[in-house]
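Let's take a walk through a protein model together, one piece at a time. Have the picture open beside you as you read.

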Amino acid sequence: MAEPLLIEQTEGAICILQLNRPKVMNALNLEIVDQLVHRLEQLQYDDQIRCIILTGNEKAFAAGGDIAEMSKMTLMEMKKKNQFLPWDRLHRFSKPLIAAVQGFALGGGCELAMSCDMIVASERAVFGQPEINLGIMPGAGGTQRLTKAFGKARSFELLLTGDTFSAEEAFERGLVTKLVPHELVLEEAKRLARQIAKQPPMSVMLIKEAIYKALDTPLQQGMDFERNAFYMCFGTEDCSEGLKAFTEKRKPYFEGR
Ligand code: CO8
């Protein structure tokens, strides 16, 4: 039987999805991206799961789009297939998604990590958008997300040379949330996920949406969104529980209602 492309493990309210194409450094073929996004969409409606970790293996989170697969496709086939549709769906995923990155996160792999809400990275992780060296360019947000994090000067250099950059630089520029020793990456991602999973899901979902508004819209539009989102929290039982627990001097327990 063929190995599964995704290995899944659930620990309480956390789901860990592991990309599993080790022989090709977790290269992202069309099927693995489809499966990943489909599974995330199912998890979106699973009330037991409140936070997702996406990871690879020790050597590679993902070394990019599958070059062997891409090299067989014509422009026409690419356009018809529209491989970025699942990526658009991924960007609408409303639960928190943490990338746990060890090893290489290159090309589509770097874009996948940047598409997650947070990145916990090994000190030895290597990031980059080397597509230019293949006569192509990033297609799943690399030019946009990298530039937002790194600014114009460094992005030009990285995207036009295809040079890699270190996890340390990614951390300093705000692309990586936590930089940890190689062997502690998954443990640290789980620690963060467990903490988030205890939070009220409506607040988590609305804060996620509000943060992306902050990145994408003018200030006043983002502020307007935030205000309405704030009011929405008051429609939840978790809000009553949170406020009550404070006055009763105890820890809140958020049931997700
Ligand atoms: N696609 C297909 N196969 C790959 C890929 C890849 N991206 N990366 C590595 N492999 C394969 C190798 O061909 C090799 O296979 P084999 O053993 O059969 O020869 C195996 O994985 C191991 O790789 P290496 O022997 O090269 O291992 P090294 O440790 O020497 O090097 C590197 C590791 C540095 C990661 C190197 O493999 C490399 O440079 N890989 C390519 C990185 C790259 O250029 N990525 C960009 C790809 S293009 C892209 O991402 C555009 C995507 C746009 C949309 C997103 C769609 C998902």
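**A sheet and its helices**

A good place to begin in this predicted model is its open sheet, where 6 strands line up in the order β1-β2-β3-β5-β7-β10 with mixed pairing. Look at the two edges: β1 (6–11) and β10 (178–180) stand there with a single partner strand each, so one side of each is left without a neighbour in the sheet. From one strand to the next, the twist averages 20°.

Now pick out one pair inside that order. Strand β5, residues 97–101, and strand β7, residues 118–122, pair in the parallel sense over 4 bridges. To find this pairing in the picture, start at isoleucine 98, whose bridge partner in β7 is methionine 118.

Next, turn to a helix that meets the sheet. Helix α1, residues 30–44, lies across β1, β2 (14–19), β3 (51–55) and β5. The angle at which α1 runs to β2 is about 175°.

Let's finish with another helix, α10, made of the 15 residues 219–233. How far apart should its ends be? At 1.5 Å a residue, α10 should span 21 Å, and its end C-alpha atoms are indeed 21 Å apart, so the two values agree.

Which residues of α10 are buried? They are Gly222, Phe225, Ala229 and Cys233. These residues cover an arc of only 85° around the axis, which means that they sit on the same side of α10. Among the elements covering the buried residues of α10 are α9 (201–216) and α11 (237–247).

How values were computed:
Residues are numbered from 1 along each chain as its sequence is written. This is a predicted model: local features need pLDDT of at least 70, side-chain atom pairs count only at pLDDT 80 or more; totals for chains, interfaces and linings use all residues. Side-chain values use heavy atoms; hydrogens and water are left out. The expected span of a helix is 1.5 Å times one less than its number of residues. Buried means under 20% relative accessible area, exposed over 50%, partly exposed in between (1.4 Å probe, protein chains only). The arc is that of the directions from the helix axis to the C-beta atoms. Contact means heavy atoms within 4.5 Å. Two strands pair if DSSP finds at least two bridges between them. Axes are lines fitted to C-alpha atoms, for helices over the stretch in contact, and angles run from 0 to 180 degrees between N-to-C directions.
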